[in-house]
Every structure is written in structure tokens, then in C-alpha cells.
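Work through the exercises below with the sequence and the structure side by side, and try each task before reading the solution that follows it.

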Amino acid sequence: MTVSITVPDTYGYVILSTVVGSMFLVPTIMGGSVMTARKECDVPYPNLYATPGFHKRADEFNRVQRGHQNMFESLGTFAIATLIGGLRHPITCTACSVMYSTGCYLYLLGYKDMSKDVKMARYAKGGAIKFIGYFGSIFATISVAAGILGWW
């Protein structure tokens, strides 16, 4: 059995929100936060993280860096799922991409807030919205796979 896939005319939004959006968000907005914190906290390269006891504001810098690095833990899977799921659900996956990217940025904003407890800080400013986008794209990919398999 051969299956043909038709790319929907709104698929361009999936590409823009997932590929172009993350290429803008990661190095420019989120990376900029790390660069600013690096300068303010005096954490020079090549240190990925600050060393407590050596760098005076180690915790402050590390929270910014950790908020930034968190996105990389799921970005690969998210992007693949969104690009596949978008073949059947382009508008949904575009919305999921916007929620994921926004949530990752809000996660960073919460995590770097030193007035918040580190355990819940990452979600204090709305970072959990990224999971709606993440799992929405996963479910869209399952829908594509099920359609190809003839389950529905």
C-alpha cells in the first residue's frame, strides 16, 4: 500500500512558527538573557555555568542559564512532532508552536526571578503553557501516524 501526503496550503505557518520562530527565540531573546546575565554576574567564557564559591552571583547566573538550557531538552522532539503533526493539523500545530515558544520564554523569566523559590519559580510566570504546546504537537503527530496506518 502506498500513502501519499498532501501538504496543506497553511503548512507555511507551521514552518514559520516552528523553525523560524525557534531560530529567532533561542539565540536572540533567550540567548540575549544569558549574555546579559553573563556580563552582569561576571561569568566569562568558557564557563557554561557559574561555580558557587568562585563566582559571587553564581546562583543568579545559573538560574538564567538553566532557564535557557531547559528549552534544548525538548526542542528537538517538539520540532519534529510539530513538523509532522502540521501535515494534518497545520493551524493547531502553529498554535502549539506559539504556546511552546512563549512557554519556554516564560519559564526562563520565572526561573531567573530570584525572589521566587527555585522549585516553583519556573512556572510562576506561566512557563507551564509550553507543555500544552508540546503535548498538542505530540497528539497531532499521533493523529498523522494513525491516519497513515488507516486507524482513522
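**Exercise 1. Locate D42 in this predicted model, decide whether D42 is buried or exposed, and describe its backbone.**

Solution. Begin with the position along the chain: D42 belongs to the loop between helix 1 and helix 2. Next, take its relative accessible area, which is 59%; because exposed means over 50%, D42 counts as exposed. Finally, turn to the backbone, where the phi of D42 is near 55 degrees, a positive value in a residue other than glycine.

**Exercise 2. In the loop between helix 1 and helix 2, examine P46 and H55, and find out what H55 touches.**

Solution. Start with P46, which is placed in this loop and is joined to Y45 by a cis peptide bond, with omega at about 10 degrees. Then consider H55, which is in the loop between helix 1 and helix 2 as well. H55 has a relative accessible area of 7% and is therefore buried, the cut-off for that label being under 20%. When neighbours within four places in sequence are left aside, the contacts of H55 are D42, V43, P44, N47 and A50, so that the exposed D42 is one of the residues that H55 meets. As a last step, compare a distance along the chain with one in space: H55 and S4 are 51 residues apart in sequence, and their C-alpha atoms are separated by 57 Å.

**Exercise 3. How many helices and strands does the protein have, and what box do its C-alpha atoms fill?**

Solution. Counting the elements gives five helices and zero strands, and reading from the N terminus gives the order α-α-α-α-α. Taken along the principal axes, the box filled by the C-alpha atoms is roughly 65 × 25 × 25 Å. Of the 152 residues in the protein, 39% are buried. As for contacts between residues at least 6 apart in sequence, 66% of them join residues at least 24 apart.

**Exercise 4. Which spans does UniProt annotate as "transmembrane region", and what is the helix content of each span in the model?**

Solution. The unreviewed UniProt entry places this feature at residues 12–30 and 131–151. For residues 12–30, the model shows 100% helix and 0% strand, with the end C-alpha atoms 24 Å apart. For residues 131–151, the chain is 86% helix and 0% strand, and here the end C-alpha atoms are 26 Å apart.

**Exercise 5. Describe the surroundings of L25 and give its separation from A146.**

Solution. L25 sits in helix 1, which covers residues 11–40. Its relative accessibility is 7%, so L25 counts as buried. Beyond the neighbours within four places in sequence, L25 is in contact with M30, G31, M71, S101 and Y105. A146, a buried residue of helix 5, lies 121 residues from L25 in sequence and 32 Å from L25 in space, C-alpha to C-alpha.

**Exercise 6. Check the span of helix 5 against the value expected for its residues, and identify what covers its buried residues.**

Solution. Helix 5 takes in residues 129–148, which makes 20 residues, and at 1.5 Å a residue these should span 28 Å; the end C-alpha atoms are 29 Å apart, so the two values agree. Just after helix 5, G150 adopts a positive phi of about 80 degrees. Among the buried residues of helix 5 are G133, G136, S137, A140 and V144, and the cover over the buried residues includes helix 2 (58–85) and helix 3 (90–111). S137, a residue of helix 5, has a relative accessible area of 0% and is therefore buried. Leaving out residues up to four places away in sequence, S137 touches F78, A81, T82, C93 and C96.

**Exercise 7. At what angle do helix 2 and helix 5 pack, and which residues meet there?**

Solution. The two helices pack at an angle of about 35 degrees, with their axes 8 Å apart, and the crossing of helix 2 and helix 5 is left-handed. Residues of helix 2 in this contact include N70, S74, T77 and F78, while those of helix 5 include K130, Y134, S137 and T141. Sorted by class, the contact of helix 2 with helix 5 has seven nonpolar, eight polar and one charged residues.

Methods: Residues are numbered from 1 along each chain as its sequence is written. This is a predicted model: local features need pLDDT of at least 70, side-chain atom pairs count only at pLDDT 80 or more; totals for chains, interfaces and linings use all residues. Side-chain values use heavy atoms; hydrogens and water are left out. Helices (H or I, at least four residues) and strands (E, at least two) are DSSP runs, numbered from the N terminus. The expected span of a helix is 1.5 Å times one less than its number of residues. Buried means under 20% relative accessible area, exposed over 50%, partly exposed in between (1.4 Å probe, protein chains only). Contact means heavy atoms within 4.5 Å. Axes are lines fitted to C-alpha atoms, for helices over the stretch in contact, and angles run from 0 to 180 degrees between N-to-C directions. A crossing is left-handed if the near helix is turned anticlockwise from the far one by less than a right angle, and right-handed if clockwise. Ala, Val, Leu, Ile, Met, Phe, Trp, Tyr, Cys and Pro count as nonpolar, Asp, Glu, Lys and Arg as charged, and the others, Gly among them, as polar. UniProt positions are given in the numbering used here, feature names are shortened, and annotations may be inferred rather than shown by experiment.
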